[in-house]
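Open the model in your viewer and keep the sequence panel visible. The tour goes from one selection to the next.

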Amino acid sequence: MQLKNDLLLRAALGQPTERTPVWLMRQAGRILPEYRAVRERLSGFKELVETPELAAEVTIQPVDLLDVDAAIIFSDILVVPEAMGCTYEMIEKRGPIFPKTVKTAADVDSMRVANPHEHLNYVLEAIKVTKRELNGRVPLIGFAGAPWTIFAYMVEGSGSKTFSQARKMLYEAPELSHTLLRKITDTTIAYLQAQVEAGADLIQIFDSWAGILPPAHYKEFSYRYISEICKALPNVPVTVFAKGAFFSLADFAQLDCQVIGLDWNMNVQETRQIIGGNKTLQGNLDPCALYNDFAGVERETKKMLDAFGGDRHIANLGHGVYPDTDPEKVKCFIQTVKEYSQR
Ligand SMILES: Cc1c2[nH]c(c1CCC(=O)O)Cc1[nH]c(c(CCC(=O)O)c1C)Cc1[nH]c(c(CCC(=O)O)c1C)Cc1[nH]c(c(C)c1CCC(=O)O)C2
């Protein structure tokens, strides 16, 4: 189906746009009272993720309420370990935990390469329902975690400041680590290809825990698998967002992907120089800039837009929007991008 607003796709592919497209990582979620209303009727986060009609409803909420230029399918990166046999629980106000972690050769052996049509069909259904209900208003972004970030949760068993259990495994058992990363990568490739078949218009890979690895480990245990995933998705624009991976940007310039996401620590001009002119950059306002008053939000957003200079840019935050952000400030960010970037 023809998209009515294809700014995101054109910007990703380096085609001219009348203005800079804008969306927010984690736009579907707790910042919206309308999301919390849906969520409160349910047993928990997983019921929402696993019920395609409800997932579609909250996916579309930010398009209706915030007027963003893209929808991102409501799901989580942790559905992948679950499909492989490592189930998660989402604990209110604390985050995810995995009752059974993956550490030994027997644990790794017990993990399966998931078949997306069998083990993740609820996400594919949610994409189909969302595409139907969006009716071409804006593109739909599909996503998955990078294998290293998924590995980190499976081994650690929860969020962590250091993920020292996961990093320890890379030193103690590098081959076993690769065996697990291989299974995660194979699952992720099949899953993302299925998302594209189901209707996803662009794919984003989240490497949320990129920044905790030393550069050599990053190259060996993360970058090479991301590179493989990009190569397996030749027919759709791909965004790689690796938080904290400033040390790997020269490698990222070589990826078969169209867009590189910047976190708020990354210097825009330096990143552009390293990446070169053939990729689009996405980002990178500090999520905390949205705690400013309205004039401050406007000022910081304009500064960010000036740094990117208009072309080959998708406006976003440097990481997910924080749950206690005032939706009116989010709207101010979006409106400022739309008005100030008019060409
Ligand atoms: C690391 C990571 C996770 N999940 C995700 C990442 C990568 C992006 C990043 O770095 O932020 C990705 C994610 N999670 C969610 C989305 C939905 C789409 C969107 O971006 O709007 C996306 C893209 C929903 C969610 N995933 C989660 C919520 C909150 C759960 C709730 O409704 O109570 C939502 C809306 C829960 C979640 N899921 C995860 C954690 C650590 C937590 C708890 C802390 C938190 O809330 O941020 C794992």
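**Start at the sheet**

Select β1 and strand β4 (residues 140-145): the two pair in the parallel sense, over two bridges. This is a predicted model, so treat what you see as a prediction. In general, the strands of a sheet pair through backbone hydrogen bonds, either parallel or antiparallel. Now pick alanine 71, which stands opposite leucine 140 in β4.

Next, widen the selection to the whole sheet. It is open and has seven strands with parallel pairing, in the order β1-β4-β5-β6-β7-β8-β9. Which strands are at the edges? They are β1 (71-72) and β9 (313-317), each of which pairs on one side only.

**A helix across the strands**

Select helix α12 (residues 215-231). This helix lies across β5 (202-207) and β6 (238-242), and runs at about 170° to β5.

**The annotated binding site**

Now select Arg26, Gln27, Ala28, Gly29, Arg30, Asp76, Tyr153, Ser208 and His319, which an unreviewed UniProt entry marks as "binding site". These positions span 294 residues of sequence and are also spread in space, with up to 22.6 Å between C-alpha atoms.

Zoom in on arginine 26, in the loop between α1 (7-13) and α2 (33-40). Is arginine 26 buried or exposed? Arginine 26 counts as partly exposed because it has 17 C-beta neighbours inside 10 Å, while a buried residue would need 20 or more. Beyond its neighbours within four places in sequence, arginine 26 is in contact with Gly320 and Val321.

Finish at glycine 29, in the loop between α1 and α2. Glycine 29 is partly exposed, because 19 other C-beta atoms lie within 10 Å.

Notes. Residues are numbered from 1 along each chain as its sequence is written. This is a predicted model: local features need pLDDT of at least 70, side-chain atom pairs count only at pLDDT 80 or more; totals for chains, interfaces and linings use all residues. UniProt positions are given in the numbering used here, feature names are shortened, and annotations may be inferred rather than shown by experiment. Helices (H or I, at least four residues) and strands (E, at least two) are DSSP runs, numbered from the N terminus. A residue is buried if 20 or more other C-beta atoms lie within 10 Å of its own, exposed if 12 or fewer, and partly exposed in between; C-beta atoms are placed from the backbone. Two residues are in contact if their C-beta atoms, placed from the backbone, lie within 7 Å. Two strands pair if DSSP finds at least two bridges between them. Axes are lines fitted to C-alpha atoms, for helices over the stretch in contact, and angles run from 0 to 180 degrees between N-to-C directions.
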